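Fire up your viewer and load the model shown below. We'll hop from one selection to the next and look at what sits there.

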Amino acid sequence: MNENLAQIIAMLLSDGSVYFDKSKRTYCIQFTNKSSSLRSYFKQIITAEFGKRNFSYNKCGSAKSVRFFSAKIARELFTQVFT
């Protein structure tokens, strides 16, 4: 496992999530944090590791999230964590 992948997994374990979105019929990978620099860093290392993604933003109360959808990347993350 390389450093970017280790950091992505750590960020997802602390303030993130990977879940199946039934309405989109694919997986959502999401990082939530008040710090815009941490959200930007998440985008940066995702892009470095997996290439350009179609990121979207979500705000629910004071929580701000950056997310994207990908079954392929979700499977890769699950493989890294559970093997």
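Where is R25 found? Select it and you land in the loop between strand 1 and strand 2 (26-32); helices (H or I, at least four residues) and strands (E, at least two) are DSSP runs, numbered from the N terminus.

A word on the ground rules before we go on. This is a predicted model, in which local features need pLDDT of at least 70 and side-chain atom pairs count only at pLDDT 80 or more, while totals for chains, interfaces and linings use all residues. Residues are numbered from 1 along each chain as its sequence is written, and side-chain values use heavy atoms, with hydrogens and water left out.

**Stop 1: the loop**

Stay on R25 and check its backbone: phi is positive, about 60°, although R25 is not a glycine. Most residues other than glycine have a negative phi. R25 counts as exposed because its relative accessibility is 70%; the classes are buried under 20% relative accessible area, exposed over 50%, and partly exposed in between (1.4 Å probe, protein chains only).

Now pick K24, which lies in the loop between strand 1 and strand 2 as well. With a relative accessibility of 47%, K24 counts as partly exposed. Draw a distance from its C-alpha to that of F69: you should get 8.6 Å, for two residues 45 apart along the chain.

**Stop 2: D21**

Next, select D21 in strand 1 (residues 16-21). What is the nearest side chain of opposite charge to D21? That is K24, 4.9 Å away, and buried D21 has no salt bridge. The cut-off there is a side-chain nitrogen of Lys or Arg within 4 Å of a carboxyl oxygen of Asp or Glu; Lys and Arg count as positive, Asp and Glu as negative, and His and the chain ends are not counted.

Show the side chain of S23 too, since the D21 side chain makes a polar contact with it at 2.6 Å. Such a contact is a pair of N or O atoms within 3.5 Å; within protein, one must be able to donate a hydrogen and the other to accept it, and residues adjacent in sequence count only if both atoms are side-chain atoms. Leaving out residues up to four places away in sequence, D21 touches T26 and F69, where contact means heavy atoms within 4.5 Å.

**Stop 3: F31 and S65**

Move to F31, found in strand 2. F31 is buried, with a relative accessible area of 2%. Beyond four places in sequence, its contacts include M11, L38, F42 and V66. Another pair to click is F31 and K64: 33 residues apart in sequence, 8.5 Å apart C-alpha to C-alpha.

From F31, jump to one of the residues it touches, S65. S65 sits in strand 4 (residues 63-69) and is buried at 6% relative accessible area. Look for the 2.5 Å polar contact joining the side chains of S65 and T32. Not counting residues up to four places away in sequence, S65 also touches Q30, R39 and Y57, among others.

**Stop 4: zoom out**

Switch to cartoon: the chain has 3 helices and 4 strands, running α-β-β-α-β-β-α along the sequence. The radius of gyration is 12 Å, close to the 12 Å that the globule rule gives for 83 residues, so the chain is as compact as a globular protein of that length; the radius is taken over C-alpha atoms, and the rule is 2.2 Å times the number of residues to the power 0.38. Of the 83 residues, 31% count as buried.
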